[in-house]
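Good morning, and thank you for making time for this item. I would ask you to keep the structure in view while I go through its confidence, its cores and its charged pairs.

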Amino acid sequence: MTHQHAQGDLCEPGLGLYARALREGHVPGEDAATAPCLVDNGLLHPSVDDPARLEPVVPTVALQRLLRVSEERIAGERRRGQRLADAFAPLMRLEGPAAANEDTRSLRLLAGKERASRAITEAMAAGTEQLLAIQPHDGLITGPFHHHEAAMERDQAFLDRGGRVRALYQHTVRHAPLIIGRYERLTGDVEARSLDEVTERLVIVDRTVAFIPASADRSLALEVRHPALVAYFINTFDRLWHLATPMYPQAVQQPTLNGITPRQRAIAGLLVEGHTDASIADRLGLNVRTARVHIAKLAATLGSESRAQLGFLIGQSGILDQGR
């Protein structure tokens, strides 16, 4: 039986065959017929001496290759979301009275962070199934690190009713004591994962209501109860969740390859795209000073003496191709 799945995913038979190839040094080509993900993702390749025999790629290179596919998926989701926003912007200006009445029932604008927090608390008080949250960090100590006891009590009450909590962060908070400490205080079905970049803040309760920012400074929030929009948000979250690296309760160590850390590799990708220091810091959840420290370390590792030379050396080094 052949296992079908998306590019970048691995099935259990595939992982088992890959482990066997690592132990034995090779496997017969016909054994990979039921797990084409291994060849498709470049984890096995034909032997130079015998094309009918497949040899494994070392795990560090294989992992970077799969992570690169994951990053490309995330970038694709971002572009798709932007295309949808651009397409609907002119349509929203054409809506008539009937559409306005429908929006009144499915969309509600919340003014002020306290009002938004109360609305989330009310939704969670009525919820019993799951809380999905994307919590981008802005590089400031007052960002997602500031948690009120009331929020802790709210989350614990939700877990006590049998709910489960899934949260996504940026890699920059993987080892933040206050973030990890928060989850260690909660009892129940709770998990957290991280990515280089995440979307804007998002909270979804029980697949029925979602909360998103409605202004750049997050002083306004939008409560969304339209089933199609909530389903879209859930689908986006699920895709990002499967691409993310486990952070709590069990953390998976991100590999460093050829002296380049995962964070430096993420920065390198944004540098070659032409992003400024401030833009890089914002996207990765760093403050600008920390971002510049990482850029300086990356430049030192590659032997760069200028910003222009750094971009050239990044391209020449192949570090952005190691995950392909």
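**Confidence, cores and salt bridges**

I begin with confidence, since this is a predicted model. Confidence in the chain is lowest in helix 4, residues 97–106, where the mean pLDDT is 56. At the other end stands strand 8, residues 202–205, with the highest value, 95. There is also a stretch, residues 140–147, over which the pLDDT is below 50. Beyond near neighbours in sequence, that stretch has 12 contacts in the model. Where pLDDT is low, the predicted coordinates should not be read in detail. For the chain taken together, the mean pLDDT is 80, and 86% of the residues reach 70 or more.

Next, the general composition. The chain has 324 residues, of which 42% count as buried. Its secondary structure comprises 12 helices and 11 strands. If we take the contacts between residues at least 6 apart in sequence, 70% of them join residues at least 24 apart. The accessible surface comes to about 17,400 Å², and carbon and sulfur atoms account for 56% of that area.

Let me turn to the interior. In soluble globular proteins, nonpolar side chains tend to be buried together. Here the largest nonpolar core has 28 residues. Which residues have the most contacts inside this core? They are L131, Y169, I179, Y183, V205, F211 and M247. Several elements give two or more residues to the core: the helices are helix 5 (113–126), helix 6 (149–160) and helix 7 (177–185). The strands on that list are strand 6 (164–170), strand 7 (189–195), strand 8, strand 9 (209–213) and strand 11 (245–248). Helix 5 gives the most, with five residues.

L131 is a useful residue to display here. Leaving aside neighbours within four places in sequence, L131 is in contact with M124, F158, R164, V165, R166, V203, I204 and V205. Please keep R166 in mind from that list, as I shall return to it shortly. Apart from this core lies another, of 19 residues, including L271, A281, A299 and L313.

Now the charged pairs. Side chains of opposite charge can pair when their charged atoms come close. The count for this model comes to 10 salt bridges. One of them joins E77 and R239, with the closest N and O atoms 2.7 Å apart. This pair links distant parts of the chain, as E77 lies in helix 3 and R239 in helix 8 (residues 227–243), 162 residues apart. Are the two partners buried or partly exposed? E77 counts as buried because its relative accessible area is 14%, under the 20% cut-off. R239, at 41%, is partly exposed.

I return to R166, which forms salt bridges with two residues of strand 7. With D189 the N to O distance is 3.0 Å, and the two residues are 23 apart in sequence. With E191 the closest N and O atoms are 3.5 Å apart, and the separation in sequence is 25 residues. R166 itself belongs to strand 6. R166 is buried, with a relative accessible area of 7%. Both acidic partners are partly exposed: D189 has a relative accessibility of 37%, and E191 has a relative accessible area of 24%. Elsewhere, salt bridges that share partners join R20, E24 and D31 into one network.

Two local features remain. On the surface, L84, F88 and L91 make a nonpolar patch of about 270 Å². L84 is found in helix 3, residues 59–92, the helix that also holds E77. Why does L84 count as partly exposed? Its relative accessible area is 34%, so it falls between the 20% and 50% cut-offs.

The second feature is D277, in helix 10, residues 277–284. D277 is buried, with a relative accessible area of 13%. Not counting residues up to four places away in sequence, D277 touches V288, A291, R292, I295 and R307.

To close, I would leave three items on the screen: the core to which helix 5 gives the most residues, the salt bridges of R166 with D189 and with E191, and residues 140–147, where the pLDDT is below 50. Thank you.

Key: Residues are numbered from 1 along each chain as its sequence is written. Side-chain values use heavy atoms; hydrogens and water are left out. pLDDT is the predictor's confidence in each residue, from 0 to 100. Helices (H or I, at least four residues) and strands (E, at least two) are DSSP runs, numbered from the N terminus. Contact means heavy atoms within 4.5 Å. Patches are made of residues with over 30% relative accessible area and no salt bridge: like charges are joined within 9 Å, nonpolar side chains (Val, Leu, Ile, Met, Phe, Trp, Tyr) within 5 Å. Accessible areas come from the Shrake-Rupley method with a 1.4 Å probe; for residues, only the protein chains shown count as cover. A salt bridge is a side-chain nitrogen of Lys or Arg within 4 Å of a carboxyl oxygen of Asp or Glu. Buried means under 20% relative accessible area, exposed over 50%, partly exposed in between (1.4 Å probe, protein chains only). A nonpolar core is a set of buried Ala, Val, Leu, Ile, Met, Phe, Trp, Tyr and Cys residues joined through side-chain atoms within 4.5 Å.
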